[in-house]
Amino acid sequence: MRVLIIDNEDAFTHTLIHLILGAGIEARDLQVVGNHATDIRGLRALAPEALVVASGPDFPQQAGITLAAIRGFYREIPIFGVNLGHQAAGVAFGARLMPALMPIHGRPGPVFHENDPLFAGI
């Protein structure tokens with residue numbers, strides 16, 4: 001499976017790379033592209049089979065190709081967004097972001113799910 005990571009200029013991208021490689025994706029099948037390095041045509045030329053949108057600073061609207069990539073690929077391939085990438089998925093389809101009343105970065109909380117295999121063991 002060819003996985004494309006959009007790097008939104010955050011050090012966590014390196015962690016994502018290692019996690020994806022550790023999950024069995026071969027290095028030759030992993031492409032990392034900076035959010036200002038290309039346009040949607042350039043991303044399509046890479047022929048990804050999955051898209052990971054990494055975290056980063058600021059807001060999705062300032063993250064280069066990020067919003068266009070989500071809008072351009074969502075009907076074709078799986079997309080996984082981390083932090084800014086997750087926010088960008090919402091914004092791409094009309095969500096509004098607003099500041100939290102109190103930052104809650106890194107604080108554990110309960111996870112509720114319906115026994116989907118994606119959450120096995122959680």
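Biologist: In which strand is the place of Val 32?

Modeller: In this predicted model, Val 32 belongs to strand E2.

Biologist: Why does Val 32 count as partly exposed?

Modeller: The relative accessibility of Val 32 is 39%. Buried requires under 20% and exposed requires over 50%, so a value of 39% counts as partly exposed.

Biologist: What makes strands E1 and E2 a pair?

Modeller: A pair needs at least two bridges. Strand E1 (residues 3-7) and strand E2 (residues 30-34) are joined by 5 bridges, therefore they pair, and they run parallel. One of the partnerships links Asp 7 with Gly 34 in E2. Between the two strands the chain passes through helix H1 (residues 12-22), in a β-α-β crossover that is right-handed.

Biologist: Which residues of H1 are buried, and how do you know that they lie on the same side of H1?

Modeller: Thr 13, Leu 16, Ile 17 and Ile 20 are the buried residues of H1. Because they cover an arc of only 105° around the axis, they are on the same side of H1. In general, an α-helix has 3.6 residues a turn, so residues three or four places apart point the same way. The other side of H1 carries the exposed residues His 14, His 18, Leu 19 and Gly 22.

Biologist: Why is Ile 122 called exposed?

Modeller: Exposed means over 50% relative accessible area. Ile 122 has 62%, and is therefore exposed. Ile 122 lies in the segment after helix H4 (84-92). With Val 111, Leu 118 and Phe 119, Ile 122 forms a nonpolar surface patch, whose accessible area together is about 420 Å².

How values were computed. Residues are numbered from 1 along each chain as its sequence is written. This is a predicted model: local features need pLDDT of at least 70, side-chain atom pairs count only at pLDDT 80 or more; totals for chains, interfaces and linings use all residues. Side-chain values use heavy atoms; hydrogens and water are left out. Helices (H or I, at least four residues) and strands (E, at least two) are DSSP runs, numbered from the N terminus. A crossover is right-handed if, with the strands pointing away from the viewer, the path from the first strand over the helix to the second runs clockwise. Patches are made of residues with over 30% relative accessible area and no salt bridge: like charges are joined within 9 Å, nonpolar side chains (Val, Leu, Ile, Met, Phe, Trp, Tyr) within 5 Å. Accessible areas come from the Shrake-Rupley method with a 1.4 Å probe; for residues, only the protein chains shown count as cover. A salt bridge is a side-chain nitrogen of Lys or Arg within 4 Å of a carboxyl oxygen of Asp or Glu. Buried means under 20% relative accessible area, exposed over 50%, partly exposed in between (1.4 Å probe, protein chains only). The arc is that of the directions from the helix axis to the C-beta atoms.
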